[in-house]
Amino acid sequence: MAPAVDREPANGDALASLSGVKAALLSVPGTPLRSGTHTPIDHKVENNAGYTDTVFEGKAEQASQVKTQLKEKGFIPPDLVDAEVDWFYQNLGIDDTYFALESVETVADHVLALFGAKIMAYTKHSNRLEIDLEKESESGAVFIHSSQAGKSQPDGPQWEKRIDATYLDKSSIERAYRLETYRSAGSVSAQSKQQLRCYFLAKCDFVEPIPAPNSPEFRSIRAVSDKIFLTKASENTLAIYQNIMDEVLNRQGPVIDMFEVEGSRERRIVIGYRMGTTNSFFSALSDLYHFYGLFSSRKYVEQFSNNVTIISIYLNPLPASNSPPIEHSIHQVMKEASLIYVLPDNPFFQPGLSESTHAVQEATYAYVGWLFAQHFCNRLGQAYQALRKALDESDPQQAAILNEIKLRFREETFTRQSIQEVIENHPALIRLLYVHFANTHYPGAEDQELVPTLSYQRLVKEEVLDDAQMYDRIRKAASNSHERQVLEAFLFFNKAVLKTNFYTPTKVALSFRLDPGFLPEVEYPVKPYGIIFVVGAEFRGFHVRFRDVARGGIRVVRSRNRETYSINQRTLFDENYALASTQHLKNKEIPEGGAKGTILPTLDANPRLAFEKYVDAILDLLIKGQTPGVKEEIVDLLGKEEILFLGPDEGTADLMDFAAEHARERGAPWWKSFTTGKTASTLGGVPHDVWGMTSLSVRQYIIGIYRMLGLKETEVTKVQTGGPDGDLGSNEILLSVDKTVAIIDGSGVIHDPIGLDRAELVRLAKARKMISEFDLSKLSPAGYRVLVEENDVKLPSGEVVPDGVAFRNSAHLLFKADLFVPCGGRPEAINISNVNKLFDAEGKCHFKYIVEGANLFITRQARIELEKRGVILYPDASANKGGVTSSSLEVLCGLSLTDEEYVDSMLFKNGKPTNFYLGYVRDIQTIIARNAAAEFEAIWREHQETGKPRSQISTEMSTTLNKLSEEIEATDLFMNKDLRSAVLAHVFPQTLIKKVGLEELIVRIPEAYARSAFAAQVAASFVYANGTAASHVDFFKHISSLLAASR
């Protein structure tokens, strides 16, 4: 609960030390500060409910029938029945809505239950009555319970959390519920002052027909409302809700407004948001205003068929409360309602549990720090380092042992529970750390009139410590090294944050641009250029990039069950880092460096909603806020504009349109290039799967092996992970003519030793269906299929598969073939701990050739071991780069064309692609095939010359190329006009050059991008031609040849 307000603070000097944070603690960002006596006239409402009161004409007759029924039952003494029923009907102050909804039988039962509660209280010699009445039906529900005004009851029945979980959180247009809830005016009995809280839920019956999204009616409150709401809402309420609805439909995030009720201290808060975009919000709001010593007399939740939800709450101060006056605290409630929307279920905000609980801002900060510590506490430490030095990682057995120990350290050293305990054990220190954070990141507003609210009263007495003082305080407070490292993680977080939307007035998730300098070198030897950390109610996510200009896909990491989710929580950043690092190696030929984003939704979350929030939160960091009260300018310690380029990855292929369109709606000038893989017809995207872009690159390596070894493809046997439903899997099937003996995908495993029926595979690939749809009549007698949901499956050999999931997860280690092409699957599916399972008793590998189409499918150590034992292997960083080339050229097109040119040339006309679009796609395919063939030849040649493993050569080549590219970018070679034109003529596709002209293209794209493209092209052409060990003289000759060709 909120502490008493210091009416005459004696520590006025402390104000000066908090000049940087006082606005954060005292004001509502972006809203005109109102002192309670200067409320604008349009924000004053009449002293009424804003709804027409329900009047039940049959109330007296119903009461008479209830009395009759209770006398017949006999449980209440007959001479007491009339008094009990009259008290229930007349003195409790229950709204007539209840009596109109309920039957005589239900009301009689409730009167009886209230009488029973009184008897129970009498036997316990207590004045407190525990009353919990409920009735649920298909059309709604009624809940009535005893309630203490202004106090959360965490150990109570949690009615509001139940209402959230059962009704409000699950509301959709097809099945939505509106809510009215009132506090009874009277007490439960003459002996008790307790009041009842009544909740009335009703299934919505919307006005029909439901308007189409782009129609004028879609924005009209009278066309999208529940029919009962329209009969009850006043004209003033309809006008207020219409304004709120307009704002909700124009932006992401909640819309919050406040109205003063004339002639009283009551305040009406109205909050609108998109239906289904937050959970447990209604109940969390109660905790919020209880924290400030406020109680609600009535509350309404209205649903609308345009996917808008509006909550209206009438708040009053508790009598004789020591809490801040409502004229001040109401502004804090408004501000923190935005944070509650973002994180409604926060374990660190528990106002009913402790008098010293954190305020919402502190609790939100604690939650974010909790997640940060889970990912970034140094989980390996000196003991692991010493062990690593003692063991020989080139020895497969010792490397496997080290890998197991590393995984164990990560699981057990800093668990979620142990970190949470440290936070809960040090509330004062967490508060100090929050002040340290706020002192830097809140946009200053010293010139505004400040309203002293609870955050000020709590924190004005705290010191604002510098880094050294903060570290010293942590060292003294921590009782052991574990606690110290957790608390230090909060300080590292504060120092790493370069900008954040934490104090942005409206947001859907929290985002933090981090300086990567805090990463422990033992685990992350190569520092990224930048990290973005995103935290939402139903997800967490990262974005990692290795150069300023960088591009990479956004991946949704799905969790099949709670155990998998727990593993994904621990490994999310590591997976993101590894994916971005691999992407950086793949992006060596293009202007953008490597980047990757990951989103981990909770088990019951909507992945699309998580993606939308992730994108909007990142845009908060990229676009300068200019709308007061909505998106305002944030503190930017980075001091430079940043642009990210996002692409499709697992689970996001159909979400790229939203990101581009949302960036356009938010005014981003680079919206055309913000995402790649967009819908071709309406946004001019170049989908990888439709045009087989990634597969074109993979196929160059497969065909290269065939060519070098004189193999006939129709005679080559193959095992493939990633089925006909996926991008890589489907296109690999469509482009190949080999003898595929096994496919492993999300649905299970299918195997036929004589080769799976090619026509059936093609059918599935064209329909993008899993092998669960395979026609089993096309299998030979020795063939079989095992689906993940199947158990105890008997194979043709007589072997029994007890668990379909376990069999699917290990099947890639069981089958034998000439060629293995992973086109899907989880990272590190083949690692140093299981790679030996790919070899038979005689040491012969199950596969002769491996082309790694899926990202990170095989670990570095496992690749080395496979190649050491004779396997020809091309890693993902080389083979799987066609998609990144395609995406890069899609970005280039967006940067090169004006909006008008882009719409005219890249968008389909009458449902068909333009000639420019088709020509541009052919250019992309040609460049992908050319680059892949050049790298294949270079790696093959260097392996022949040096004997080094191909995967090692691939990494060295990428590293050399990236380093050389950065060095070239730092020179003035780009300023040589002839050289620049000669090089960039190979960067811009010919279709683009013909339309715009080379020199105009160079002018149009950002210079930083042009320099990067120039450097990447020079470096790639040089390294592929001369190898990684080429000299400075070789480079001089290469540049001379480029200049000669330009003349």
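This is a short tour of a predicted model, going from a sheet to the helices on it, then to two cavities and one loop residue.

**The sheet**

Begin by selecting the strands of the open nine-stranded sheet, whose order is β1-β6-β7-β9-β8-β4-β5-β3-β2. Pairing in this sheet is mixed. At its edges are β1 (44-45) and β2 (132-137), each of which pairs on one side only.

Next, select β7, residues 267-274, together with β9. The two strands run antiparallel and are joined by eight bridges. To see how they line up, show Val-270, which has Ser-312 of β9 opposite.

**Helices across the sheet**

Add α11 (281-291). This helix lies across β4 (177-183), β5 (195-203), β7, β8 (294-304) and β9. Relative to β8, α11 runs at about 155°.

Then add α12, residues 326-342. The strands it lies across are β6 (255-261), β7, β8 and β9. Here the angle is about 15°, taken to β7.

**The cavities**

Switch on a cavity display. The structure contains four cavities of 30 Å³ or more, and the largest has a volume of about 120 Å³.

Which residues lie nearest the centre of the largest cavity? Select Leu-168, Asp-169, Tyr-273, Thr-278 and Thr-309, which hold that position among the 15 residues of the lining. At least two lining residues come from each of α7 (159-168), α11 and β9 (308-317), so colouring these elements is a useful way to place the cavity. By class, the lining has six nonpolar, seven polar and two charged residues.

Move on to the second largest cavity, which holds about 60 Å³ of space. Centre the view on Pro-443, Tyr-503, Thr-504, Glu-633 and Ile-634, the residues nearest its centre out of a lining of twelve. Colour that lining by class to find six nonpolar, four polar and two charged residues.

**Ser-234**

Finish at Ser-234, in the loop between α9 (227-232) and α10 (235-250). Is Ser-234 buried, partly exposed or exposed? Ser-234 counts as partly exposed because its relative accessibility is 24%, and the partly exposed class runs between the 20% and 50% limits.

Now show Gly-50 and Tyr-51: Ser-234 is in contact with both, leaving aside its neighbours within four places in sequence. Tyr-51 is 183 residues from Ser-234 along the chain, yet their C-alpha atoms are separated by 5.2 Å.

Terms used
Residues numbered from 1 in each chain as written. Predicted model: local features only at pLDDT ≥ 70, side-chain atom pairs only at ≥ 80, totals over all residues. Heavy atoms only, no water. 1 Å grid on protein atoms, 1.4 Å probe; cavity = no way out; pocket = protein on both sides within 12 Å on 5 of 7 lines; lining within 4 Å. Points joined across faces, edges and corners; volume = space filled by probe spheres on them. Helix = DSSP H or I, 4+ residues; strand = E, 2+ residues; numbered from the N terminus. Nonpolar A, V, L, I, M, F, W, Y, C, P; charged D, E, K, R; others polar. Buried < 20%, exposed > 50% of the residue type's maximum accessible area, 1.4 Å probe, protein only. Contact = heavy atoms within 4.5 Å. Pairing = 2+ DSSP bridges. Axes fitted to C-alpha atoms, helices over the stretch in contact; angles between N-to-C directions.
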